[in-house]
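Subject: Structure for you to look at, with notes

Hello,

Here is the structure I said I would pass on to you. Please open it beside this message, so that you can follow each part as you read.

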Amino acid sequence: MAATQSNTVAPSATEYGGDEISALVLDPGYSVVRGGFAGEDVPKSVVPSFYGIVSSNGHRRHLYGENAIHTPLPNIEIGNPVGENGVVEDWETATNLWEYAITSRLTNTKPSNPMTNGLNEKTDEIKQEMEGVETSERPLEENPLLMTESPLNTGKGREKPIEIAMENWGAPAFWLARSGVLSAFSAGKASALVIDIGASSTCVTPVHDGMMLRKGIIRSPLAGNYISDQLRLIFSTSQPSIPLIPHYLINSKTPVDAGAPSQATYRTFPAGTEPHHSFRALQEERILTEFKESVVAVWSPGRLGGHNQQGGTNLDVARTQNTRPFEMPDGYNQLFGVERYRAVESLFDVKMASSDASHPAPSPSQTLPALVQQSLAGVDVDVRPHLLANIVVVGGSSLIYGLNDRLKQELEALYPGPRVRIFSPGSVVERKFSSWIGGSILASLGTFHQMWISKKEYDEHGPAIVEKRCK
């Protein structure tokens, strides 16, 4: 490790502390990759984790970025290098995607070969000058890199990022931090029970004095994608069924009354050039995300399938509540009432889940209150009241209206003795980018300079040093 920081002497440029050098923070997730400079409020680079795959002349080419994956190119497929558990499954593609996130907004791209730009004649002199350019000018030669990782990351998944940063990108220093710990830091807490409700999974991470308590980490697939599947089932079983046709298939539409069939003309593609079904699934997800943001809400008080104090059912009460309008891309529009509560109710009560052969009902142990129960059961008894009083709820799917209030009611019913307090940023940006913001805070601290794993240490000990240093 580096020498202890002096209180009187400013850190040198090689110590990567304070304002001497700009560290980069990279926060890869299942839905998006967030990148930016330490000390800033928000990431400058937010790139989808999904990528396009197109074939031309027998060669498969990958396309990265927001515009690339939403353009209906012939036979385009959509892939994702990250599995639904948040662990990388395709390292080669993940490396290229992360490099795109860094170079597209934060640093310069690798220099191109002047022999292939059409402006120079092919000579041996240019060829000799270009030898070694790939290694001499790399994306992170001047920037230390702090990367986040899933709380349930594997051993290989921990070592591979430092290999990529040091050997592919030339980073002078590196650090790997747990996303749950960083989310707690972003909320200003060293100890907290972090509930991260993302796109592919929900993860509950107990953090005590800045350290993750591994035995208390619990994961559930009930998250944003699960809610989307619930909406698909609700739409398909409605009478009549509600169409889910993406924008790219619509040529024109005519306004219609609520509940009336749509009157739209649809786009057709020449035979053999239609986009892959994975492309359509991604475009449908965009519609469902908009629906979740503007229509879906969590029922409160009590459970949607339960009874109220007047003796009636909450379902009957929900049917009398104000409805929310929503228009599909093809012009079909409807006022949604009880459906807007039903889609998310199974996060708390699995009896209300919609299911079919390909979407089985979840188990009671996967609901949000059950996750908190299991997580607290895995930590020391003395720590539990402090964690209950410092619950931090983050993640894009936590933004669904009424979720925090309902979660607090459920937990107070489970734990009537201790005080239950939920902290959740009011800002959408802070909620969605909490782990990146925590990394930005951590990497910008003057005292953090002594924590970095330097290139020299990496050369001496290899990638296994991550397991020893980044606990």
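Of the 471 residues of the protein, 51% count as buried, and please keep in mind throughout that this is a predicted model. The chain is arranged into 17 helices and 19 strands. Among contacts with a separation of 6 or more, 67% are made by residues 24 or more positions apart.

A good place to begin is strand E7, which covers residues 145-149. Five of its five residues are buried, so E7 is largely enclosed by the rest of the structure. In a regular strand, side chains alternate between the two faces of the sheet. In E7 both faces are covered, with Leu145, Met147 and Glu149 buried on one side, and Leu146 and Thr148 buried on the other.

Next, you can look at the strands that pair with E7. Strand E1, made of residues 24-28, pairs with E7 in the parallel sense over three bridges, and here Leu26 stands opposite Met147. Strand E8, made of residues 173-178, also pairs with E7 in the parallel sense, in this case over five bridges, and Glu149 of E7 stands opposite Arg178 of E8. Helix H5, at residues 155-168, joins in as well, since E7, H5 and E8 make a right-handed β-α-β unit.

A second region to find is an open sheet of three strands, in the order E5-E4-E6, where the pairing is antiparallel. Its edge strands are E5 (59-63) and E6 (77-79), each of which pairs on one side only. Neighbouring strands of this sheet are turned by 35° against each other on average, with direction ignored. Between E4, at residues 51-56, and E5 there are five bridges, and Val54 stands opposite Arg61 of E5.

The last region is helix H13, and it allows a small check that you can repeat yourself. The helix has twelve residues, 403-414, which at 1.5 Å a residue should span 16 Å, and its end C-alpha atoms are 17 Å apart, which agrees. Which residues of H13 are buried? They are Leu403, Asn404, Arg406, Leu407, Glu410 and Leu411. Seen down the axis of H13, these buried residues fall within an arc of 160°, so they line one face of the helix. The face turned away from that buried side carries the exposed residues Asp405 and Ala413. The elements that cover the buried residues of H13 include strands E9 (192-197), E17 (391-394) and E18 (422-423), together with helices H10 (339-345), H11 (368-377) and H14 (428-432).

From H13 you can step across to Leu368, which has its place in helix H11. Leu368 counts as buried because its relative accessibility is 2%, and the cut-off for buried is under 20%. Although Leu368 and Leu407 are 39 residues apart along the chain, their C-alpha atoms are separated by 7.6 Å. Not counting residues up to four places away in sequence, Leu368 touches Ile195, Ile197, Thr202, Leu347, Phe348, Leu403 and Leu407. Two residues in that list, Leu403 and Leu407, are among the buried residues of H13, so please look at them together with Leu368 when you turn to this part of the model.

With best wishes

Definitions and conventions
Residues are numbered from 1 along each chain as its sequence is written. This is a predicted model: local features need pLDDT of at least 70, side-chain atom pairs count only at pLDDT 80 or more; totals for chains, interfaces and linings use all residues. Side-chain values use heavy atoms; hydrogens and water are left out. Buried means under 20% relative accessible area, exposed over 50%, partly exposed in between (1.4 Å probe, protein chains only). Helices (H or I, at least four residues) and strands (E, at least two) are DSSP runs, numbered from the N terminus. Two strands pair if DSSP finds at least two bridges between them. A crossover is right-handed if, with the strands pointing away from the viewer, the path from the first strand over the helix to the second runs clockwise. Axes are lines fitted to C-alpha atoms, for helices over the stretch in contact, and angles run from 0 to 180 degrees between N-to-C directions. The expected span of a helix is 1.5 Å times one less than its number of residues. The arc is that of the directions from the helix axis to the C-beta atoms. Contact means heavy atoms within 4.5 Å.
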